[in-house]
Amino acid sequence: MPFIDSKITMKVSEEKREVIRKALGESMTILNKPAAFLMVGFEDNYDLAMGGKKLEKGAYVAVSLFGDGTKDAYEEMTAFICDLYERELGIPKDAIYVTYHGVYNWGWNGTNF
């Protein structure tokens, strides 16, 4: 049950959203999670600042998982996300934060896992 939520400083076209959604789905093997259950959210034109300065191009990406991943998997996933957002959106890697959240009570389809 992964959910990847992205807050991005600029407008993201539907074409770019689809490219990113597809790539994130393919990346689920890194976290050993099923791509079929991946939910992806985008909030674009989001106001982000780093070090007190407004970012023209920046992103905050929150990855929530049922349970936990490994440190190595998180390291590989962070590199993947930063490469993807830099390549597809032109966001410099040093303007991207990625966080991971292990969740132990996750509901879906009227019940909890």
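This passage walks through the core, the salt bridges and a surface patch of a predicted model.

The inside of the protein makes a good starting point. As a rule, nonpolar side chains in soluble globular proteins tend to end up buried together. Here, the largest nonpolar core has 31 residues, and the members that touch the most other members are Ile 8, Leu 24, Val 61, Val 63, Met 77, Ile 81 and Tyr 85. Quite a few elements chip in with at least two residues each: strands S1 (3-8), S5 (59-66) and S6 (96-103), along with helices H1 (14-26), H2 (28-31) and H3. Helix H3 is the top contributor, giving 8 residues to this core.

Val 61 gives a feel for the company such a residue keeps. Leaving aside residues up to four places away in sequence, Val 61 touches Ile 4, Asp 5 and Ser 6, then Ile 81 and Tyr 85, and finally the run of Ile 96, Tyr 97, Val 98 and Thr 99. Two of these partners, Ile 81 and Tyr 85, also appear among the core members with the most contacts to other members.

Met 28 is another residue worth a look. Met 28 sits in helix H2 and counts as buried because its relative accessible area is just 1%, where the cut-off for buried is under 20%. With residues up to four places away again left out, Met 28 touches Pro 2, Ile 4, Lys 33, Pro 34, Ala 35, Leu 38 and Met 77. Ile 4 turns up in the contacts of Val 61 and in those of Met 28. Measuring from C-alpha to C-alpha in the model, Met 28 and Lys 93 lie 20 Å apart in space, with their positions 65 residues apart in sequence.

Next come the charged pairs, with 11 salt bridges in the structure. One of them joins Glu 88 to Lys 16, whose closest N and O atoms are 2.9 Å apart. Glu 88 belongs to helix H3 and Lys 16 to helix H1, so this pair ties together parts that are 72 residues apart in sequence. The two partners differ in how covered they are: Glu 88 counts as buried at 17% relative accessibility, while Lys 16 counts as partly exposed at 29%. Their side chains also make a polar contact at 2.9 Å. Besides Lys 16, Glu 88 touches Val 19 and Ile 20, not counting residues up to four places away in sequence.

Lys 93 has two salt-bridge partners to talk about. With Asp 83, the closest N and O atoms are 2.6 Å apart. Lys 93 lies in the loop between H3 and S6 and Asp 83 in helix H3, so here the linked parts are 10 residues apart in sequence. With Glu 86, the side chains meet at 3.8 Å, N to O. Each of these residues is partly exposed, with relative accessibilities of 39% for Lys 93, 33% for Asp 83 and 35% for Glu 86. Elsewhere, salt bridges that share partners join Asp 5, Lys 7 and Glu 43 into one network.

Finally, nonpolar side chains show up on the outside too. Phe 37, Trp 108 and Phe 113 make a nonpolar surface patch of about 330 Å². Phe 113 is found in the segment after strand S8 (111-112), and its relative accessibility of 48% makes it partly exposed.

Note on methods: Residues numbered from 1 in each chain as written. Predicted model: local features only at pLDDT ≥ 70, side-chain atom pairs only at ≥ 80, totals over all residues. Heavy atoms only, no water. Patch = residues over 30% accessible without salt bridge, like charges linked within 9 Å, V, L, I, M, F, W, Y side chains within 5 Å. Areas by Shrake-Rupley, 256 points an atom, 1.4 Å probe, with all protein chains shown as cover. Salt bridge = Lys/Arg side-chain N within 4 Å of Asp/Glu carboxyl O. Helix = DSSP H or I, 4+ residues; strand = E, 2+ residues; numbered from the N terminus. Buried < 20%, exposed > 50% of the residue type's maximum accessible area, 1.4 Å probe, protein only. Polar contact = N/O pair within 3.5 Å; in protein donor to acceptor, adjacent residues only side chain to side chain. Contact = heavy atoms within 4.5 Å. Core = buried A, V, L, I, M, F, W, Y, C linked by side-chain atoms within 4.5 Å.
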